[in-house]
Amino acid sequence: MTSDVWLPIPADEIDGLPAPADAGLNYRFWDGGPDFPADPARCVFYVVPYMKGSEIAVRPLDAMSGVRVVQTLSAGIDHVTPGLGLLPAGVRLCNAKGVHEASTAELTLALILASLRGIPGFVRGQDAEEWRDGFYPALADKSVLIVGYGSIGGAIEDRLAPFECARVVRVARSARTTERGPVHALTDLPALLPQADVVVLSTPLTPDTRHLADAGFLARMKDGALLVNVARGPVVDTKALLAEAESGRITAALDVTDPEPLPPGHPLWHAPGVLISPHVGGSTSAFMPRAKRLLAGQLTRFAAGEPLRNVVLTTG
């Protein structure tokens, strides 16, 4: 008897998938449309549609009584966790570690450099035919604090290396040591924030990190510091950020916002010193080939009964 795999990418576009006849699998295409491609109860491996939001991600879970793997195509899993209670015990939830690191790290550097060097003002100056010369901050000799030192945080540090920063300080949920140096615990943030010129948020969204960058966090940042959020919008308290930005004390570069998408008329659009990109950290030409390789590898291991990669949790 065959079982179903739900994919948000057509199976014939993914090289290296196990042959359906050999693996006993039927590949079903579903990218979040109103109609399911088959009976959800027959799905054993569910790949969550990419960037379609939590409502779509969890919609079939209640009926997936036979599912054994839920695979996201994002580094974060917060859009799926609201539905995990609907799943039977023993379901493995896997994320897309290895897919988004390069693209997200690239955008992080782009946001840092654009904000420090005044690129948004240059673009507005070009539109107005104004020559806006002057002196602007450089990344060289700055102290950078990376809050959330997982695979994306490490990729960000890789790309900071050539820019002659004064230092890079790493923070994660718990302290540890890496080849590059120590990683501090989140509890060390109050002492670290006043020393940083650039604070990069690359944490997953969890109950512990929701509104991590609250009024107290932002108040500890030094005058003139730059906050960069490539994590999730709710990691930052938007109201607190607006108060700091409108005072002109700190600046911000945000690939994610809360709410998201940012609605017309929201004050964050025009807050002074705030640069916004529309959650495109992972949405690049690098995404699709890496996502396809991930799925081919995971399904090959699944069909062979081998351990899966990137298992974040198993339902109990």
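This section describes aromatic pairs and the pairing of strand 1 in a predicted model.

A search of the whole structure finds eight aromatic pairs. One of them is formed by Phe 45 and Phe 302, whose rings meet edge-to-face, with 5.3 Å from centre to centre and 75° between the planes. Phe 45 belongs to strand 3 (residues 43–47) and Phe 302 to helix 9 (residues 287–303); with these positions 257 residues apart in the numbering, the pair links distant parts of the chain. Phe 45 has a relative accessibility of 0% and therefore counts as buried. Phe 302 is likewise buried, because its relative accessible area of 9% falls under the 20% cut-off.

Phe 122 and Tyr 136 form another edge-to-face pair, for which the centre-to-centre distance is 5.0 Å and the angle between the planes is 85°. Phe 122 lies in helix 4 (residues 119–127), whereas Tyr 136 lies in the loop between helix 4 and strand 6 (143–147), so the contact ties together parts that are 14 residues apart in sequence. Phe 122, at 32% relative accessibility, counts as partly exposed. Tyr 136 is also partly exposed, with a relative accessible area of 34%. Both values fall in the partly exposed class because that class spans the range between the 20% and 50% cut-offs.

A ring also takes part in a contact with a charged group: the charged end of Arg 170 sits over the ring of Tyr 149, at 6.0 Å from the ring centre.

Strand 1 (residues 3–7) is largely enclosed by the rest of the structure, because four of its five residues are buried. Strand 1 pairs with strand 2 (residues 25–29) in the parallel sense, and five bridges connect the two. Within this pairing, Ser 3 has Leu 25 of strand 2 as its bridge partner. Strand 1 also runs parallel to strand 3, to which three bridges join it. Here the bridge partner of Trp 6 is Tyr 46 in strand 3.

Trp 6 and Tyr 46 appear again among the aromatic contacts, since they form one aromatic cluster together with Trp 30 and Phe 36. Trp 6 and Tyr 46 are thus bridge partners as well as members of this cluster. Strand 3, which holds Tyr 46, also contains Phe 45, the residue paired with Phe 302 of helix 9. In a regular strand, side chains alternate between the two faces of the sheet.

How values were computed: Residues numbered from 1 in each chain as written. Predicted model: local features only at pLDDT ≥ 70, side-chain atom pairs only at ≥ 80, totals over all residues. Heavy atoms only, no water. Phe/Tyr/Trp six-rings, centres within 6.5 Å; stacked < 30°, edge-to-face > 60°. Buried < 20%, exposed > 50% of the residue type's maximum accessible area, 1.4 Å probe, protein only. Lys NZ or Arg CZ within 6 Å of the ring centre and 35° of its normal. Pairing = 2+ DSSP bridges.
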